[in-house]
Amino acid sequence: MPFTLKWRSKIRDTIHGYLFALPWILGFLAFMLYPIGSVLLYSFCSYDVVSPPQWIFLENYQELFFKDPIFWNTVFNTLYFTGVSVPAGLMVALALALLLNRSIKGRPLFRTIFYLPAIVPIVSTAILWVWILNPQYGLLNNLLAKIGVTGPGWLASTIWSKPGIILMRIWMVGGTMIIFLAGLQDIPRQLYEVAEIDGANVWKQFLYITLPMLTPTIFFNLVINTISAFQTFTEVYIMTGGGPARSTLFLVPYLYQQGFRYFRMGYASSIATVLFLMIFICTIVILYTSSRWVYYERR
Amino acid sequence: MPAVYLSINARKRILDILVYLFLGLGSIIYILPFLWQVSTSLKIQSQLFVFPPKWIPQPVAWENYPRGLRMVPFARYFLNSSIVTTLSVIGRLVSCPIVAYSFARLKWPGRNFFFVVTLATLMIPFQVTMIPLFITFRKLGWIDTFKPLIIPCFFGSAFFIFLLRQFFLTIPEELSDAAKIDGCSHFGIFWRIMLPLTKPALAVVAIFEFLWTWNDFIGPLIFLNSEEKYTVAIGLQQFFGAHGADWGALMATSTIVTFPVILLFFFTQRYFIEGITLTGIKA
């Protein structure tokens, strides 16, 4: 008797489990698995939306890798942007979080100020920064002029366009900062008390306690920010349109151009596949190397 | 060199002063762009292009606000954004908690595998899947309607399911065990015991979904064509494209578009911080 009762409850659990998860199972199949499969299939096709897709096997990839210099340009731009904006953003976010981690007056106010840029609509932010980065009348170059520096042309210059967008990105690190702050508050206070008794100064405490204890948080932020940097689109679409001279044409804006300007859905799909692979490889590399630098407390 | 010995308290004091100094400097840098935006929004055209720029507009050009709103049908855009945002939030709130409950508390074969798959999808951005989605929605005749922006919201979201699952796991199991003994069904436990305890987490879901939908640009850009369907994000971008040098009116409308978000933030700050923390640390 107890045996069958147990089985009955097990079957009941299974049915309910699947039933409750059904919305997401359907959503996953329809809006995730199916599009991912399709994007791979379309990447082997020539497809202009109007006429049915034609199987051309590797031609898109051949064009992408061997005949399309713009593609390599966008790959370089994307890697440059990610490679600079992610570490710089992490450092600024960590610095702000460290400052906010002390019990001082006015902390909520400071936290709000640093976090606000992260929640403002990106379209609004991008337009504002076009104005801030205006070479002649913009805020930034005027401030630079005050300290005797002639500011560059920013979005009008092929050299300074990427740093311009990166500066804006760094201004938007509030979310990362809050996650760092949560990580900092998780570090047991006793560790610092013991270190203080041993005579360790603030810098040593940071180096030997804060940093190692924070590595899981750094790891999490690194992955999240890398993925999000690879997706950059809106900033470019609004601020530069990929210019000047394609210096800010990243992978996703190029994908959009091919897909929704020229209606080369097959070609755009091959770019999307490359984007996915780049994100995948980066995540795997970070994950793989993490065992060497991420310290997990044994619980 | 004789070493200077300061008492621990004195050293703490000095450190605090340094922290304040940097916080002050940092917050000035962070707030300047906003001040610049508001200042620009109140300037007449001839005051924009002066060197060095003046922070206090003279005269104060309040008319930039009504003028900006009149130049493109912003009322329409606000209505559209409100419709899409409200329905998206409802969709997430209806679909995510029950899935999260299933992952957190029910045992079914394949659950752990499917949960890992769910987490893995967090790695896949919309930008990778948008082409097939566009093609599918086009075949369904959904392009230039709000359907592609709203209907997927009723089928869960990996991020919110993860967030709510983490929250359910913090609720003591004894609560549901007691209800089970009393003959409560799984749905009854979910509906009567778990859900009322989940209100803070549901608030987090609602707030983030509001924020992301209101601010979303690429989705409406791809799925909407006609002007009367535009959301505020697209409307603002169109305005910028058409009147790129009218910075007074542009900054005024930007400020208005930003306003609901800032308002939401000030009333729900606690949930923001909690939400980020909830997903951040447990990862």
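Okay, one bit of vocabulary before we start: when I say two residues are in contact, I mean their C-beta atoms, placed from the backbone, lie within 7 Å. With that in hand, look at chain A: of the contacts between residues at least 6 apart in sequence, 67% join residues at least 24 apart. And please keep in mind that this is a predicted model.

Let's stay with chain A for a moment. It has 13 helices and two strands. Its C-alpha atoms fill a box of roughly 85 × 75 × 35 Å along the principal axes. How does the radius of gyration of chain A sit against a compact globule of 299 residues? The globule would come out near 19 Å, but chain A has 25 Å. As for burial, 43% of the 299 residues in chain A are buried.

Now chain B. Here we get 14 helices and zero strands, so to speak an α list from the N terminus on. The C-alpha trace of chain B spans about 80 × 75 × 35 Å along its principal axes. For 283 residues, a compact globule would have a radius of gyration near 19 Å, and chain B has 25 Å. Buried residues make up 39% of chain B. If you take the contacts in chain B with a separation of 6 or more, residues 24 or more positions apart account for 78% of them.

Chain B also splits up: domain 1 covers 8-63 and domain 2 covers 72-242. The C-alpha centres of those two domains of chain B lie 37 Å apart.

On to where the chains meet. The contact takes 69 residues from chain A and 71 residues from chain B. Which helix gives the most on the chain A side? That's helix H1, residues 2-42, with 20 residues. By class, the side of chain A that touches chain B has 51 nonpolar, 15 polar and three charged residues.

Next, the nonpolar core. The largest one has 139 residues, and those touching the most other members are A:Ile127, A:Met177, A:Ile271, A:Leu275, B:Ile161 and B:Leu164. Take A:Leu275: leaving aside neighbours within four places in sequence, A:Leu275 is in contact with A:Phe230, A:Leu251, A:Val252 and A:Leu255, and also with B:Gln127 and B:Val128 from chain B.

B:Ile161 and B:Leu164 bring us to helix H8 of chain B, where both are among the buried residues. Is H8(B) mostly covered or mostly open? Mostly covered: nine of its 12 residues are buried. Among them are B:Phe160, B:Phe162, B:Phe167 and B:Phe168, and also B:Arg165. There's a little length check too: at 1.5 Å a residue, the 12 residues of H8, 158-169, should span 16 Å, and the end C-alpha atoms are 16 Å apart, so that agrees.

Two last residues to click on. A:Tyr192 sits in helix H9 of chain A, residues 189-197. A:Tyr192 counts as partly exposed, because there are 15 other C-beta atoms within 10 Å, and the buried class needs 20 or more. Apart from residues up to four places away in sequence, A:Tyr192 touches A:Gln205 and A:Ile209. A:Tyr256 is 64 residues along the chain from A:Tyr192, and their C-alpha atoms are separated by 51 Å.

The other one is B:Gly241, in helix H13 of chain B, residues 232-242. B:Gly241 counts as exposed, because it has 10 C-beta neighbours inside 10 Å. From B:Gly241 to B:Val204 is 37 residues in sequence and 34 Å in space, C-alpha to C-alpha.

Note on methods: Residues are numbered from 1 along each chain as its sequence is written. Chains are lettered from A and ligands numbered from 1 in the order in which they are written. This is a predicted model: local features need pLDDT of at least 70, side-chain atom pairs count only at pLDDT 80 or more; totals for chains, interfaces and linings use all residues. Helices (H or I, at least four residues) and strands (E, at least two) are DSSP runs, numbered from the N terminus. The radius of gyration is taken over C-alpha atoms; the globule rule is 2.2 Å times the number of residues to the power 0.38. Domain bounds come from an automatic or database domain assignment. The expected span of a helix is 1.5 Å times one less than its number of residues. Ala, Val, Leu, Ile, Met, Phe, Trp, Tyr, Cys and Pro count as nonpolar, Asp, Glu, Lys and Arg as charged, and the others, Gly among them, as polar. A nonpolar core is a set of buried Ala, Val, Leu, Ile, Met, Phe, Trp, Tyr and Cys residues joined through C-beta atoms within 7 Å.
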